[in-house]
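Here are some exercises to work through with the model open beside you. Try each one yourself before reading the solution.

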Amino acid sequence: MSKSDAIKELYKQYVMPTYAQSLTLVKGNGTKVWDADGKVYLDFMAGISVLNVGHCHPKVVEAVRKQVAQATHFSNLYFNGNQARLAERLARLGLGGKCFFGNSGAEANEGLIKLARLWGHEKGRHEIITMKNSFHGRTLATAAATGQDKIQKGFEPLPVGFVYAEFNNLESVRALVNDKTVAVLLEAIQGEGGIVPADEAFMLGVRALCDEKDLLMLCDEVQCGMGRTGHWFGYQNCAGVKPDAFSLAKALGSGYPIGAVVSNAKLADVFQPGNHASTFGGAPLACAAALATIDAIEEEHLLDRARTVGKQFADEMRKFILKYEHVKEVRGKGLMLGLALDQSAKPLASLLIENGLLTLATAETVCRFLPPLNVKDEEIEEALEILDDCLAQWHGLGQKEEEESAQEEAPEQAAETPAAAAWAETSETKPADEAAAAAPTEPDAAP
Ligand SMILES: Cc1ncc(COP(=O)(O)O)c(C=O)c1O
């Protein structure tokens, strides 16, 4: 029995089957991962946007190694310097207020929800408007906040107090505001919803609506935060928009579990001792990993890199729209990119894995690319080659024949296809209406 088969057997017997695993991975370095049988893959999903500085970044490894030998945990009943320093860094990068630390994205979003409810409590307001096709986590409250039936089904009764607006439709948000509304919660780019960026006008409109009605604007930055979109936080893609608070997790600790609620000054002292807590939240080891991650992003200028490499990668992928019938759109920002197909993306994602490129199908028809922000130019080229080959195979085409016909036809098609003209104008396209509206129906393998 191979090593990976032995591990699969143990999973079969002892691990609850909440995920549909494919490979058995044993080692990572930068953008590369190795499976139990020694095969190397390019990791273009980076733990679903966890490894923004790549696997085993030397700075993070060193910080964790040092800290683990000094102290892993103190209770939050004592001050710890790493937590203080991390809160300061996040407050300065974000909203100038204060932070609360937990251990995961769902826990960070629970924190946001509780913060909003406590803030609105005396005014008798508790209802939160979230978006259809959003994803906020798998705890009961965050599943209730998630605007997707498939996440909620079977777990009823769910906590009350969430209503769902159309994403990128300000009137739909406005129509849900009533005297119980306390906040609007949204992702600046819906990740699980299919890499759908919020329009700038929508973000500005939500901010203005929140100001007008005295509501809190809350952003879930769990997937699109920590430099992923070419800015520290996804909402910063919309100049002039600042939420009142946002959640972080995933890439914050480069794989060491940590989540955070980051607030502005208005919400900084809403939580008081006894209101909210988490045993492991903000422990020295997790904060050491997060501080080293922030240092690495700053020192290696990874925000700029995410923007420039992301644009090159997206531009190259857009060429596949002309070349392959079933490729319809490339969308996203920075290195949070989706290749939208006109049918299920799962067979393509499986083919890519077989050929050494890890990606993830999402929202049924979208193949999602989330490589580390320090991905090398040659790794992008290699990924594009694998993608090109797999698209050809998946379309049932011989690669050589396809390249020849694309070369002959591309100039004419570019003039004729409206989508191609739009892509020529901007590298950050808006989703097609149909793709944005396509509600996922099956449980995904992740998250
Ligand atoms: C936007 C968003 N929010 C929240 C979560 C939940 O995070 P976690 O799995 O760490 O609880 C995820 C996970 O994919 C996410 O993408």
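**Exercise 1. A helix with two sides**

Which residues of α4 are buried? Find them in this predicted model, then work out how they are arranged around the helix axis.

*Solution.* Start with the helix itself: α4 covers residues 81–93, 13 residues in total. From first C-alpha to last, α4 reaches 18 Å, close to the 18 Å expected at 1.5 Å a residue.

Next, pick out the buried positions, which are Asn82, Gln83, Leu86 and Leu90. Looking down the axis of α4, you will find these buried residues within an arc of 95°, so they line one face of the helix. The spacing helps to explain this: an α-helix has 3.6 residues a turn, so residues three or four places apart point the same way.

Now turn to the other side of α4, where Gly81, Glu88 and Arg92 are exposed.

Finally, ask what covers the buried residues of α4. The cover includes the strands β4 (96–102) and β12 (259–264), together with helix α10.

**Exercise 2. The same analysis for α3**

Describe the buried and exposed sides of α3, and name the element that its buried residues pack against.

*Solution.* Helix α3 spans residues 58–70. Its 13 residues reach 18 Å between the first and last C-alpha, close to the 18 Å expected at 1.5 Å a residue.

The buried residues in α3 are Val60, Ala63, Val64 and Gln67. Viewed down the axis of α3, they fall within an arc of 95°, so they line one face of the helix.

On the face turned away from that buried side you will meet the exposed residues Pro58, Glu62, Arg65, Lys66 and Ala69. As for packing, the buried residues of α3 lie against α10 (284–299).

**Exercise 3. A helix pair**

How do the axes of α12 and α13 cross? Give the angle, then the handedness and the residues that meet.

*Solution.* Take helix α12 (residues 346–354) and helix α13 (residues 377–394): their axes come within 10 Å and cross at roughly 130°. That angle makes α12 oblique to α13. The handedness of the crossing is right-handed.

For the residues, look at Pro347, Leu348, Leu351 and Leu352 on the α12 side. They meet Ile386, Leu387, Cys390, Gln393 and Trp394 of α13.

**Exercise 4. Two residues and their surroundings**

Is tyrosine 324 buried or exposed? Decide this, and then place aspartate 315 on the scale too.

*Solution.* Tyrosine 324 sits in the loop between α11 (302–323) and β13 (327–333). Count its C-beta neighbours: there are 20 inside 10 Å, so tyrosine 324 counts as buried.

Leaving aside neighbours within four places in sequence, tyrosine 324 is in contact with Leu391 and His395. The C-alpha atoms of tyrosine 324 and alanine 392 are separated by 7.5 Å, although these residues are 68 apart along the chain.

Aspartate 315 belongs to helix α11. With 13 other C-beta atoms within 10 Å, aspartate 315 is partly exposed. Its C-alpha is 8.5 Å from that of valine 330, 15 residues away in sequence.

**Exercise 5. The whole chain**

Summarise the chain in terms of secondary structure, burial and contacts.

*Solution.* The secondary structure comes to 16 helices and 17 strands. Of the 447 residues in the chain, 49% are buried. For contacts, consider those between residues at least 6 apart in sequence: 73% of them join residues at least 24 apart.

Key
Residues are numbered from 1 along each chain as its sequence is written. This is a predicted model: local features need pLDDT of at least 70, side-chain atom pairs count only at pLDDT 80 or more; totals for chains, interfaces and linings use all residues. Helices (H or I, at least four residues) and strands (E, at least two) are DSSP runs, numbered from the N terminus. The expected span of a helix is 1.5 Å times one less than its number of residues. A residue is buried if 20 or more other C-beta atoms lie within 10 Å of its own, exposed if 12 or fewer, and partly exposed in between; C-beta atoms are placed from the backbone. The arc is that of the directions from the helix axis to the C-beta atoms. Two residues are in contact if their C-beta atoms, placed from the backbone, lie within 7 Å. Axes are lines fitted to C-alpha atoms, for helices over the stretch in contact, and angles run from 0 to 180 degrees between N-to-C directions. Angles under 35 degrees count as roughly parallel, over 145 as roughly antiparallel, 65 to 115 as roughly perpendicular and the rest as oblique. A crossing is left-handed if the near helix is turned anticlockwise from the far one by less than a right angle, and right-handed if clockwise.
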